[in-house]
Amino acid sequence: MEEFQRALSSRGVTVASIPGKGRGLVTTRDFSPGEVIICQEPYASAPNKASVGLVCDACFSSKHVKKCSACRVACYCGPACQKSEWKLHQVECKALVALSDERRKMLTPTIRLMVQLILRAKLQQDQVIPASETNNYDLIKALESHTSAVGEDQLVVYAQMANLVRLVLPSLDLDLKEISHNFSKLSCNAHTICDTELRPIGTGLFPIVSMINHSCLPNSVLIFEGNVAHVRATESIPKNIEVMISYIETASTKEKRQSELRQYFFTCTCSRCLKSYAEEDVYLEGYRCSGHKCTGVSLFLSDQRAFICQQCGAARDTQELERIKSGVMQLSEKASTVVSTGNYTEAYSTYKAIEQVECDLYHPFSLNILKTHENLLKISMELKDWKSALTYCRLTIEAYQRVYPAIHPMIGLQFYTCGKIEWLLEYTDDAIRSYTKAADILRITHGTTSPFMRELLASLEEARTEASYKHSSRERF
């Protein structure tokens with residue numbers, strides 16, 4: 001542990017005991033916004049079901065991916081990645097080749113992730129592949145499994161999964177109880193690996209990142225470049241302050257956030273969650289006042305058995321609200337079905353109908369309306385209806401700025417999308433403004449060196465060059 005602490009100290013952090021939380025990561029120096037606090041490769045990782053065969057197992061790149069010619073399971077983007085993983089994969093490959101077709105069907109991403117974790121631990125123990133202070137199996141053993149809090153049914157599932165791992169690796173002497181505990185550790189310590197636009201592509205276990213505690217008002221953000229985790233400060237973090245990230249989607253009510261966090265076996269006590277009455281929650285889920293000129297939200301008063309506007313006192317009929325909600329649910333089910341068929345024209349019409357009803361039902365700040373606008377944006381882009389797409393992109397940005405802190409990757413990414421649409425529509429000055437706002441945020445959350453950020457900065461420069469040319473042309477004439 002001393003060697004591990006020394007390694008962390010060189011990065012400006014330390015592991016400390018946090019009252020009410022257990023272990024946590026604390027700064028030993030000041031960090032500026034955008035500065036990398038922790039950068040770590042996964043101890044083990046695997047693409048998710050949707051990404052299997054589409055991304056490289058070593059770096060998660062989606063370019064030039066080819067399957068291993070022997071096992072036809074592992075994928076690599078080139079010789080360099082294949083060589084970097086060979087000492088581990090040659091053992092895995094033999095095991096995969098030996099599997100029957102029936103057993104191959106049981107090889108889920110989670111099972112394969114565990115297989116890789118076991119093989120890496122064994123190869124490090126046998127000194128076939130190197131271990132380090134920040135990359136070794138002792139760090140995995142130190143992670144909390146919470147098995148005492150896990151239900152009996154789930155423990156049975158973990159035991160069954162451990163048996164599946166034994167079928168994949170029959171030549172190894174495996175401790176099934178230890179593997180079951182490791183599956184429990186994965187459920188509350190692994191992180192979803194996302195691409196630069198926050199789309200999930202896999203799962204990884206990052207021992208140091210797993211030591212960082214959650215907050216619904218975090219001071220840092222976890223972003224991946226390939227499958228490498230980067231934790232960056234989103235604000236100035238002084239020395240001796242705990243580093244915090246968010247484990248969940250924070251654009252939701254306190255009740256939903258706490259519900260999502262139950263899988264991690266703790267109750268969040270950040271300042272946002274400690275509020276006994278969260279006004280933001282009322283607006284995020286509340287009904288609008290029946291008077292369209294009133295901006296108030298209707299709250300249910302049990303003594304009157306009705307929803308009463310907290311601003312003007314107007315009442316909304318409870319039964320009518322339930323009837324309208326039921327109609328919205330039916331339309332939403334229809335919309336999902338239509339989208340799955342690829343009929344985007346009908347899907348657009350259906351979501352427009354949902355939008356009209358929801359705008360009369362919910363407060364304008366409602367998350368339900370935001371989700372409908374997100375769907376309309378995606379469908380408009382599929383239809384290449386760029387003007388409609390721009391309308392909904394701008395509406396979602398307004399909503400994101402209400403529900404997220406000023407420096408949040410979702411806001412930056414949406415400004416980037418907005419800029420690309422404006423560029424397509426030849427709204428050059430608007431595109432420059434959107435690209436600039438995107439760059440100001442994403443420089444902090446994503447850094448500046450990734451291909452994604454180089455593309456954004458190149459787009460901004462191209463837009464500025466065109467604007468300068470247009471202005472100079474007007475001056476000449």
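# Briefing: annotated spans, cores and side-chain pairs

Over residues 56-93 the chain is 39% helix and 11% strand, with end C-alpha atoms 15 Å apart. An unreviewed UniProt entry lists this span as "domain: MYND-type". The model is predicted. Two separate nonpolar cores are described below, the largest with 50 residues and a second with 44. The structure also holds 16 salt bridges and nine aromatic pairs.

**Annotated spans**

- The unreviewed UniProt entry gives residues 11-248 as "domain: SET".
- Residues 11-248 are 32% helix and 21% strand, and the C-alpha atoms at the two ends of the span lie 26 Å apart.
- For residues 56-93, the name "domain: MYND-type" likewise comes from an unreviewed UniProt entry.

**Nonpolar cores**

- In the largest nonpolar core, which has 50 residues, the members that touch the most others are Leu 361, Ile 421, Tyr 435, Leu 442 and Leu 456.
- Two or more residues of this core come from each of α11 (318-341), α12 (344-361), α13 (367-382), α14, α15, α16 (428-446) and α17 (451-476).
- The element that gives the most to this core is α14, with eight residues.
- A second, separate core has 44 residues, among them Leu 169, Leu 172, Ile 179 and Ala 190.
- In soluble globular proteins, nonpolar side chains tend to be buried together.

**Helix α16 and Tyr 435**

- Buried residues of α16 include Ala 431, Ile 432, Tyr 435, Ala 438, Ala 439, Ile 441, Leu 442 and Ile 444.
- Polar side chains also appear among the buried residues of α16, including Thr 428, Ser 434, Thr 445 and His 446.
- Beyond its neighbours within four places in sequence, Tyr 435 is in contact with Tyr 416, Gly 419, Lys 420 and Trp 423, and also with Leu 456, Ser 459, Leu 460 and Ala 463.
- Just after α16, Gly 447 has a positive phi of about 75°.

**Aromatic rings and charges over rings**

- A search of the whole structure gives nine aromatic pairs.
- One of them is Tyr 416 with Phe 452, an edge-to-face pair with 5.6 Å between centres and 75° between planes.
- This pair links distant parts of the chain, since Tyr 416 is in helix α15 and Phe 452 in helix α17, 36 residues apart.
- Both Tyr 416 and Phe 452 are buried.
- The ring of Tyr 416 also has the charged end of Lys 420 over it, 4.4 Å from the ring centre.
- Tyr 247, Tyr 264 and Phe 266 are linked into a cluster by ring pairs.
- Arg 29 lies over the face of Phe 31, 3.9 Å from the ring centre.

**Salt bridges**

- Side chains of opposite charge can pair when their charged atoms come close.
- The count for this structure is 16 salt bridges.
- Arg 394 and Glu 422 form a salt bridge with an N to O distance of 2.9 Å.
- Arg 394 lies in helix α14 (residues 386-403) and Glu 422 in helix α15 (residues 409-424), so this salt bridge ties together parts that are 28 residues apart in sequence.
- Arg 394 is partly exposed at 35% relative accessibility, whereas Glu 422 is buried at 2%.
- Salt bridges with shared partners join Arg 394 and Glu 422 to Asp 430 and Arg 433 in one network.
- Asp 126 and Lys 122 form a salt bridge, with the closest N and O atoms 2.7 Å apart.
- Both partners are partly exposed, Asp 126 with a relative accessible area of 41% and Lys 122 with 34%.
- Arg 199 and Asp 195 form another salt bridge, with the closest N and O atoms 2.8 Å apart.
- Arg 199 is partly exposed, with a relative accessible area of 47%, while Asp 195 counts as buried at 18%.

**The loop before α14**

- Asp 385 is in the loop between α13 and α14.
- At 29% relative accessibility, Asp 385 counts as partly exposed.
- Asp 385 is 365 residues from Gly 20 in sequence, and their C-alpha atoms are 51 Å apart in space.

Note on methods: Residues are numbered from 1 along each chain as its sequence is written. This is a predicted model: local features need pLDDT of at least 70, side-chain atom pairs count only at pLDDT 80 or more; totals for chains, interfaces and linings use all residues. Side-chain values use heavy atoms; hydrogens and water are left out. A salt bridge is a side-chain nitrogen of Lys or Arg within 4 Å of a carboxyl oxygen of Asp or Glu. Buried means under 20% relative accessible area, exposed over 50%, partly exposed in between (1.4 Å probe, protein chains only). Helices (H or I, at least four residues) and strands (E, at least two) are DSSP runs, numbered from the N terminus. UniProt positions are given in the numbering used here, feature names are shortened, and annotations may be inferred rather than shown by experiment. A nonpolar core is a set of buried Ala, Val, Leu, Ile, Met, Phe, Trp, Tyr and Cys residues joined through side-chain atoms within 4.5 Å. Contact means heavy atoms within 4.5 Å. Rings of Phe, Tyr and Trp (its six-membered ring) pair if their centres lie within 6.5 Å; planes under 30 degrees apart count as stacked, over 60 as edge-to-face and the rest as tilted. A charge sits over a ring if NZ of Lys or CZ of Arg is within 6 Å of the ring centre and within 35 degrees of the ring normal.
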